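Q: Can you walk me through this one? I'd like to start with a single strand and work outwards.

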Amino acid sequence: MENSLAIQNTQHIYDLVGICAQFGVENAVVCPGSRCAPLLIGFGKHPDIETISITDERSAGFVGLGLAQQSGKPVVLACTSGTAALNFAPAVTEAFYQNVPLIVLTADRPPEWIDQWDGQTIHQEKIYEPHLKGSFNYNENNVKIGVEALTLALDEAAGPVHLNIPIREPFYPESLNDVVLNTETQRTQRKTIKSVSEEIYKEFESILDSTVKVMVLGGQLEPNQELVILLNQLNVPIVGDVISNLHGVNDVIYSSDLLLKHADESLSPDFLITFGRSVISKNLKLFLRKHKPKHHWHIGKGMVGDPFQSLTKTIESNPIIFFKRWVELTTEIGRHGEIYNLKLSKAQNETNKRFGKLLDKTEFNYFSAVRNVLKQLPKNSVLHLGNSMPVRIANFVGVKDSTVDVWCNRGTSGIDGIVSTAVGHALAEPKRKHTLIVGDLSFFYDRNGLWLNHKFPTNLQIVILNDSGGGIFNMIPGPSSQGVLTELFATPHHRTAEITAKEFDLAYSTASSLEEIHDWESGILEIFTEMKTNTETFKYLIKKTQGHGEK
């Protein structure tokens, strides 16, 4: 009798597992617990879903994020009730700002036990709002909500959804044979493409006809070769940070931070076309806020930011569709427009040469170290960049190989979950080599990303930039001017990753010079540099390289 009641209490959860499979879920990241047992059993038993068990919910959330980003498919996160659910929040928030479809399933106590001092019982409904596309309460009486939630996660601009699932006891089946799953996964995915009206294209062509300086600016984007091919056919300057994945574009302007610090209005666009999400370069933001374009169009779906405070029109379209039509237009940029293009291109080339020559003259530091690592990246590999200094260093140096894909958690720019996200990527695409360049504090903060309840991916190399603390706080004006209190920001330490590597049975090597930075190798490469040298090098490079046309 109890077993039939257990199935009665949980069949709707097993049905939800089947719905997830129908919507293309191939990976589920689950965290151990008792209240979430039906979720673990359902996903663990489904033949078309690979289930990964991770003890730390925060790490699990970011592993799921990486799996979803690299695979391009929705990924399930599942956990037990109580504070376990709160630990998914950082990854859910990052997914929201990067349009990643995470299906977050949190087991819960029945509602009558909320605030009754019952164990592992908190307020879980809408726990991630407003950082998701939708929040739902799922029970046996509204199974259709599952279809609604997953449809919402995948439609238009993708994003995370949350289904909170109150579960009553008993919920453990006497036998796994009693669990019945729907394993038919032949659902056809429906994709809606919103076309752009002819009036919009006519207006666009009219602006091009009357505008001298046109600039295309890409924010953070997933790798997209079709987009790169289209942009290479446009005779206008293309600007993109390292996270825009536009390094395959000919003459792409990637040194905005160095180019535009002291640049005058002659380099500012009259017509700015943006797509993608955030940009790294603070100087680019300040420059475009100071020299606002007359027209600023943003191409894309979902949430649209206005970091330059100049947006005049939003085109809700896939950038591929828009740029295809632009390529087909007969409108040509006039001679003055070509001069603008050449001026920016020349400034980029000069800056790139100057930066390289200056860096060659410096003592060993994490700029020269990262440049060496980037030069040795395997073809057709994946590069993951930690926040704080690693992504900024890579942005200064630039990624030259168009076959290398770049990822970074720039939705919220936090240091939590960087290791875990890279692990998720490596698990999603095991045939490619993955390299993570991460700061020491970020690595130690997310060591639980190595704590997998299965084998660690051998296609991942973790490169740690260890300068014994948070070096960035010695570089930005505020914290660096606080005297002895600067240590509260920089958090100096003397830890290394050697013991961590042994604990997780990973190959471990170190480097304190360029010669010791070896070819790609699975495991951990820890590069040691001096924080003082890094700070001095940063200031030297900025002072000598910034601006265009300076010697």
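Q: Which residues of E6 are buried on one side, and which on the other?
A: This is a predicted model, so keep that in mind. On one side of E6 sit Val161, Leu163 and Ile165, and on the other His162, Asn164 and Pro166; all are buried. Both faces of the strand are covered.

Q: How many of its residues does that make for E6?
A: 6 of 6 residues in E6 are buried. The strand is mostly covered.

Q: Why do the residues split between two sides?
A: In a regular strand, side chains alternate between the two faces of the sheet.

Q: OK, what order do the strands of the sheet come in?
A: The order is E2-E1-E3-E4-E6-E5. That is 6 strands in an open sheet, with parallel pairing.

Q: Which strands stand at the edges?
A: Strand E2 (50–53) and strand E5 (134–137) do. Each has a single partner strand, so one side of each is left without a neighbour in the sheet.

Q: And how much twist is there from one strand to the next?
A: It averages 20°.

Q: What packs on the sheet?
A: Helix H3, residues 57–71, does. H3 touches strand E1 (27–30), E2, strand E3 (75–79) and E4. The direction of H3 makes about 170° with that of E3.

Q: Back to E6. How many bridges join it to E4?
A: 6 bridges. E4 covers residues 102–108 and E6 covers 161–166, and the two run parallel. Ile103 has Val161 in E6 as its bridge partner. Asp108 stands opposite Pro166.

Q: What about E5, how many bridges pair it with E6?
A: 4 bridges, again in the parallel sense. Here Gly134 has Val161 in E6 as its bridge partner.

Q: Which helix goes with E5 and E6 in a β-α-β unit?
A: Helix H6, residues 144–154. The unit is right-handed.

Q: New topic: how many cavities of 30 Å³ or more are there?
A: The count comes to 3. The largest has a volume of about 70 Å³.

Q: How does anyone find empty space like that?
A: Rolling a probe the size of a water molecule over the atoms shows where empty space is left.

Q: Which element gives the largest share of the lining of the largest cavity?
A: H15, with 4 residues. Strand E12 (382–385), strand E13 (405–408) and helix H15 (418–428) each supply at least two residues of that lining.

Q: Which residues line the largest cavity?
A: Among them are His384, Leu385, Trp407, Cys408, Ile418, Thr421, Ala422 and His425. Gly386, Asn409 and Leu436 line the largest cavity too.

Notes
Residues are numbered from 1 along each chain as its sequence is written. This is a predicted model: local features need pLDDT of at least 70, side-chain atom pairs count only at pLDDT 80 or more; totals for chains, interfaces and linings use all residues. Side-chain values use heavy atoms; hydrogens and water are left out. Two strands pair if DSSP finds at least two bridges between them. Axes are lines fitted to C-alpha atoms, for helices over the stretch in contact, and angles run from 0 to 180 degrees between N-to-C directions. Contact means heavy atoms within 4.5 Å. Buried means under 20% relative accessible area, exposed over 50%, partly exposed in between (1.4 Å probe, protein chains only). A crossover is right-handed if, with the strands pointing away from the viewer, the path from the first strand over the helix to the second runs clockwise. On a 1 Å grid over the protein atoms alone, a cavity is a set of points where a 1.4 Å probe fits but cannot get out, and a pocket is an open set with protein on both sides within 12 Å along at least five of seven lines; lining residues have an atom within 4 Å of a point. Grid points are joined across faces, edges and corners, and a volume is the space filled by probe spheres set on the points.
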